[in-house]
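Hi everyone, thanks for making time. I'd like to walk you through one model today, so let me put it up on the screen.

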Amino acid sequence: MGMKEKFNEMMEAYQQTLDLPGSVTTIAAELKKAVNEEIRKINSDPLYSDEGKALERQKVRDNFGKQFIDVAKKLRDDYDKSVIKAKTSAEILLNQDPPKPDDITLKTFQRELNALKMDVLLSTDQEKAAQAIREFADKQSDPYLAKQLAGEFAGLASTVIASSGGNPSVKLKLRDTLGTINSKALTPEQKKAQEIAGYMKDALGRDLFRSQSLELNTIEQAVGQKYAQYANKPYLFPASSGED
C-alpha cells in the first residue's frame, strides 16, 4: 500500500476516534426515550397494581440495561479498533522513506554533502563549522534529502563537538539544527502521522462516557447505576447481573 492509501486509511480511522465518543450523546438520549415510553405505557395500564407496575418497570430497565451493555461493548470495540488502526497506520507512514528526487538532484546533494564533511573536518572554528551545517540544512527542501542528512548528522556533529571541546554553545546550535533537519525529513503526510501518533499514545481504553457527564447521568436515570457503572468497561459487566 502506497503512502497516499495508508494516509487515507489513517485519517479514516482517526476520524472514527473523534466521531465515536461523540455518539454517546445520541446513545443516552435514545435509551432514555425508549425506557420512558415503555414506563409510560406501564404507568397508564389499569390492569397493573402499584406493586405490579414497579415490577414491570424494573423488567423494562433490566431489558434496556442489557441492551445498553451490548451497545457499550460495540462502541468500546469500534473505538479501540480505530485507535489501533490509526496508530498502526501512522507508524507505518513514519517508517516509510519519502519519495526519491531525480538522479541529478541526488548527485548534487551528495557532492555538496561531501564538501561539507571535508570543510567541517578541516575547520579550525567550530562555531563556523556548526553554522555551515545549519546553512546546509536550511537549504534542504526535499524530505528524502533531509532524511539522508539526518543519517549523516551524528558523524558531522561528533566531529564539531570533539574539536570544540564540548562547547555548550556549539552543542545548542547543533541540536537546533537537528530539529530543523528532522522536521524537513517528513512529508506533509508524515507530519500529520506524527501528530496523530501523539494523540493515539494514550487513547486505547480511554473513557468514552465522561465521569459525571450528562450522558452518564441520563443512562443512570434510565436503567440504573447497576448498568451505568459499566458504561466504560462493559466487558466487566457480570453475565448474570441482568437476569434477576
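Before I count anything, here is what I mean by a salt bridge: a side-chain nitrogen of Lys or Arg within 4 Å of a carboxyl oxygen of Asp or Glu. Keep in mind too that this is a predicted model. With that rule, the structure holds 13 salt bridges. I'll show you three of them.

Start with Asp62 and Lys226, whose side chains meet at 3.2 Å, N to O. What does this pair tie together? Asp62 sits in helix α3 and Lys226 in helix α10, so the bridge links parts that are 164 residues apart in sequence. As for burial, Asp62 counts as buried, at 6% relative accessibility. Lys226 is partly exposed, with a relative accessible area of 25%.

Now stay in helix α3 for Lys59 and Glu56. Their closest N and O atoms are 3.3 Å apart. Both residues belong to α3, and they are three residues apart, about one turn of the helix. Lys59 is exposed, because its relative accessible area is 52% and the cut-off for exposed is over 50%.

The third bridge is in helix α8, between Glu195 and Lys192, with the closest N and O atoms 3.1 Å apart. Here again the partners are three residues apart, about one helical turn. Both are partly exposed: Glu195 has a relative accessible area of 33%, and Lys192 comes in at 26%.

Okay, on to the inside. In soluble globular proteins, nonpolar side chains tend to be buried together. So which residues touch the most other members of the largest nonpolar core? That core has 40 residues, and the ones you want are Leu31, Val35, Phe68, Phe209, Ile219 and Val223. Helices α1 (3–22), α2 (24–43), α3 (50–95), α8, α9 and α10 (225–228) each supply at least two residues of this core. The largest share comes from α3, with 11 residues. There is also another core apart from this one, of 19 residues, among them Leu116, Phe136, Ala157 and Ile181.

If you want one residue to click on, try Val223. Leaving out residues up to four places away in sequence, Val223 touches Leu31, Val35, Arg61, Phe64 and Gly65.

Next, pockets. Rolling a probe the size of a water molecule over the atoms shows where empty space is left. The largest pocket holds about 170 Å³ of space. Which residues line it? They are Leu94, Gln96, Pro98, Lys147, Asn182, Ala185, Leu186, Gln190 and Gln194. Sorted by type, that lining has four nonpolar residues, four polar and one charged.

Gln190 deserves a second look. This glutamine is in helix α8. Is Gln190 buried or exposed? Buried, with a relative accessible area of 1%. Setting aside residues up to four places away in sequence, Gln190 touches Met3, Leu93, Leu94, Gln96, Pro98 and Ala185. Of those contacts, Leu94, Gln96, Pro98 and Ala185 also appear in the pocket lining.

Last one, another glutamine. Gln212 is not a glycine, and still has a positive phi of about 60 degrees. Where is Gln212? In the loop between α8 (188–200) and α9 (214–223). Gln212 is exposed, with a relative accessible area of 72%, whereas Gln190 is buried.

That's my tour, and I'm happy to go back to any of these spots.

Terms used
Residues numbered from 1 in each chain as written. Predicted model: local features only at pLDDT ≥ 70, side-chain atom pairs only at ≥ 80, totals over all residues. Heavy atoms only, no water. 1 Å grid on protein atoms, 1.4 Å probe; cavity = no way out; pocket = protein on both sides within 12 Å on 5 of 7 lines; lining within 4 Å. Points joined across faces, edges and corners; volume = space filled by probe spheres on them. Nonpolar A, V, L, I, M, F, W, Y, C, P; charged D, E, K, R; others polar. Helix = DSSP H or I, 4+ residues; strand = E, 2+ residues; numbered from the N terminus. Buried < 20%, exposed > 50% of the residue type's maximum accessible area, 1.4 Å probe, protein only. Contact = heavy atoms within 4.5 Å. Core = buried A, V, L, I, M, F, W, Y, C linked by side-chain atoms within 4.5 Å.
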